[in-house]
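Student: I have a structure to read and some terms to learn. Can we go through it together?

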Amino acid sequence: MSPRRSPPKTTARAIVPAIALALAVWSAQAAPVESAATGTDEGETERADATQDESYVDRVIDPGSLSDVDEATDAQPYDDSGLPRSFNAELAYSHGEFGDDRYREYGISAGGHRESARWGTWSLQASVSRRDDDRDDAFGEIDGNGDWTGSATLWQRNLAMPGQWRGDNGAGVLNTPSVPLQREQYRFFLPSTTYAGLSSEWSNAATGLRLQGGGGRLGHYTGTRLLGFETDEGHVGTLGAQWQWANGWAGSATWLSSDGRLVAGDAGQPVIEDGRSHAVHAATAWQGARDRVQLNLLSSGGDAGDARGGWLDARSERGRYTHNYGAFHLGEGLAWGSYPINNDTRGAYYRVGYQFARWSWSAGIDRIESISGDSFDGNYATAYARYQHSSTLGYGGTASLRDGDDRALATQWFLDKRSDWGTTRLQWDTAHVSGDGADSWQASIDQAFPVRAGSRLSATVAYGELAYDGEPATRTSSFALYGGQDLTDRLSIDGQLRWTHGDGPGALRGSNVNIAMNWALNPRWSLTASLYQNQGTQRSPFELDPLGQDPLFMRLPRERSAFLVLRYQRDAGRARAVIGGAPGAATGQVAGSVFLDGNDDGSRNASEAAVPNLTVILDGRYAVRTDSQGRFEFQDVAVGEHRLTVVADNLPLPWFIDEAQAERSIEVRVRESLQVEIPAARAR
């Protein structure tokens with residue numbers, strides 16, 4: 001079986017009608033719908049009308065202290081009829097390079113959300129774009145032909161039905177759904193698969209029963225600013241259920257069938273390798289006041305053969321101590337969908353953590369054996385400790401030891417200091433691999449500067465000697481900046497810059513620039529100019545976990561682009577589209593970012609990469625996707641408590657989002673912009 005080098009593109013014939021259908025469904029919801037006895041509150045609309053005249057009055061700001069409104073640019077008529085709704089559209093043009101190929105990309109995207117009285121909350125994100133490649137062929141001619149492509153995702157969330165049933169239904173570009181027991185994993189993870197098709201999930205609050213299913217055509221995301229989607233030659237389908245079968249006990253079963261497997265192509269791009277596979281995952285879990293146990297069973301079969309596996313995870317909380325332990329047996333060739341997972345391994349693990357007052361520490365050990373004798377066979381141990389010396393000073397360190405065919409040791413020592421200059425982290429990393437003499441070390445400084453609310457600025461400087469794949473270590477320097485600033489009331493800048501240079505022939509040399517200038521022309525129109533460049537990436541030599549999945553795509557050719565985006569945003573409806581509140585309620589704003597927390601300190605440092613294209617959901621109803629800088633934003637959120645959920649649908653392996661970070665309670669205050677930084681971690 002050989003990987004297909006050029007998966008077929010999705011043309012306008014396939015995508016554009018789907019987008020048109022999604023927009024038609026969207027517009028069909030424009031008329032207000034009367035409430036009905038379908039599980040929703042029949043008096044909701046009447047109460048909204050009754051409270052419309054009792055609107056919130058802001059009594060904090062002195063009106064006399066406010067500047068005069070520029071009527072020419074700020075005054076906009078507002079449509080307060082009907083239920084809350086919003087709409088946005090972007091017109092984008094970019095010019096860029098990928099390796100030796102030049103391209104132009106242009107198109108339009110549109111989206112928004114709409115409340116309905118009895119059909120839940122509708123949200124839509126769609127785009128249509130064209131990419132023309134200019135590449136020299138053997139005769140020196142230019143091939144400028146391109147196809148129109150695009151993506152569309154329509155969601156209907158929080159649909160209430162009789163009997164305490166609620167449903168979430170999606171159409172378009174989606175990820176395979178997962179029941180909660182499949183997502184609640186400690187040591188192993190079953191990733192989702194991207195496809196174009198349908199998805200449906202139903203849950204019953206009274207019985208705890210959850211049903212879900214989905215299926216469609218396999219594919220992968222494309223595009224720089226405008227999100228596109230190209231289908232591959234394969235399909236995926238899944239069915240799943242979770243239920244409460246006894247007091248404290250839950251069970252689940254999920255079936256997944258896929259036509260292909262994701263592998264790395266010659267240029268570092270993802271390609272689908274031929275091969276049909278099907279798998280079944282079953283789990284049962286018991287949850288007590290201080291203990292939890294979950295048993296997972298996985299069976300897969302297909303063109304590559306049949307395989308079986310299982311793992312047991314347990315957690316116990318005793319006073320200030322938390323214990324995690326388990327055992328696993330994952331057969332050779334075990335598969336789950338199109339992404340690679342851990343297989344050909346068996347063993348057990350134990351972790352213990354302690355936290356009280358100023359001290360926090362953890363330690364763990366894994367015993368890992370290769371079933372076939374062709375993969376890692378040995379032990380893996382970790383340790384972490386941190387001491388908070390004072391309110392402004394903390395220090396600690398970590399250590400990882402891998403003892404198998406070769407012995408490797410990695411350590412990290414850090415000191416965190418808060419001062420008038422902000423928060424500073426001094427860090428020292430070392431790695432030693434026996435046998436090849438490939439030792440690595442790196443010293444770094446992370447500085448988060450104190451800036452006014454709504455702004456951010458951090459910098460990272462690092463220098464060391466790094467060794468890869470047994471090659472001699474080479475001197476490597478790196479520098480990074482991350483931040484944003486409101487230059488005027490209408491002009492702001494956001495961006496990240498990273499630069500790395502090694503002095504040897506096999507050393508890492510790379511750069512990443514992602515800068516955007518935003519100009520608010522008026523409350524509805526804005527203009528964004530962006531510069532993006534990326535070249536070179538490599539796994540850190542300080543990561544030793546033998547069960548951590550290696551990144552699929554180690555090095556990328558140079559990619560850079562500059563693009564211009566004209567955006568239109570319009571809100572309408574009672575309460576000015578307040579999310580999660582009654583008409584006339586006080587509002588605030590929720591914004592933040594998702595990032596890969598490389599040093600596991602919970603804060604986004606300048607050198608840490610953003611996670612684009614991740615779904616963030618507010619109150620289980622309103623969904624947005626992170627942009628190229630990992631940022632997301634919800635405008636006009638009602639004051640009070642809300643629930644923020646991150647769906648790790650496109651998170652690169654071996655990263656994961658901790659349960660406490662993936663779903664959290666937040667509190668929005670009057671006129672404040674709540675900043676939420678969500679770190680993705682990796683097992684240590």
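Student: Where is Ser 362 placed?

Tutor: Ser 362 is in strand S16 (residues 359-369). Strands (E, at least two residues) and helices (H or I, at least four) are DSSP runs, numbered from the N terminus. This is a predicted model, where local features need pLDDT of at least 70 and side-chain atom pairs count only at pLDDT 80 or more, while totals for chains, interfaces and linings use all residues. Residues are numbered from 1 along each chain as its sequence is written, and side-chain values use heavy atoms, with hydrogens and water left out.

Student: Why is Ser 362 called partly exposed?

Tutor: Buried means under 20% relative accessible area, exposed means over 50%, and partly exposed is in between (1.4 Å probe, protein chains only). Ser 362 has 30%, so it is partly exposed.

Student: What does Ser 362 touch beyond four places in sequence?

Tutor: Val 352, Gly 353, Ala 383 and Tyr 384. Contact means heavy atoms within 4.5 Å. The C-alpha atoms of Ser 362 and Ala 385 are 6.5 Å apart, with their positions 23 residues apart along the chain.

Student: Is Trp 655 buried or exposed?

Tutor: Its relative accessibility is 13%, so Trp 655 counts as buried. Trp 655 lies in strand S33. Leaving aside neighbours within four places, its contacts include Leu 596, Asp 597 and Ala 681. Asp 597 is 58 residues away in sequence, yet 9.1 Å away in space, C-alpha to C-alpha.

Student: Why do S31 and S33 count as edges of their sheet?

Tutor: Four strands form an open sheet with mixed pairing, in the order S31-S28-S35-S33. Strand S31 (631-638) and strand S33 (655-656) each have a single partner strand, so one side of each lacks a neighbour in the sheet.

Student: How do you know that S33 and S35 pair?

Tutor: Two strands pair if DSSP finds at least two bridges between them. S33 and strand S35 (residues 673-682) have two bridges, in the antiparallel sense. Phe 656 stands opposite Ala 681 in S35.

Student: What makes S22 a partner of both S21 and S23?

Tutor: Count the bridges. S21 and S22 pair over eight, antiparallel. S22 and S23 pair over eleven, also antiparallel. Gln 442 stands opposite Gly 464 in S22, and Tyr 463 stands opposite Ser 477 in S23.

Student: Which residues make the nonpolar surface patch?

Tutor: Trp 421, Phe 449, Val 451, Leu 457, Val 461, Phe 479, Leu 481 and Trp 499 make a patch of about 740 Å². Patch residues have over 30% relative accessible area and no salt bridge; nonpolar side chains (Val, Leu, Ile, Met, Phe, Trp, Tyr) are joined within 5 Å, like charges within 9 Å. A salt bridge is a side-chain nitrogen of Lys or Arg within 4 Å of a carboxyl oxygen of Asp or Glu. Areas come from the Shrake-Rupley method with a 1.4 Å probe; for residues, only the protein chains shown count as cover. Strands S22 (456-466) and S23 (474-486) each supply at least two patch residues.

Student: Why is Phe 449 called partly exposed?

Tutor: Phe 449 has 31% relative accessibility, so it counts as partly exposed. Phe 449 is in the loop between strand S21 (438-448) and S22.

Student: Where is confidence lowest, and where highest?

Tutor: pLDDT is the predictor's confidence in each residue, from 0 to 100. Strand S4 (residues 142-143) is lowest, with a mean of 40, and strand S14 (residues 321-330) is highest, at 96. The chain averages 78, and 75% of the residues score at least 70. Over residues 63-74, pLDDT stays under 50. Where pLDDT is low, the predicted coordinates should not be read in detail.
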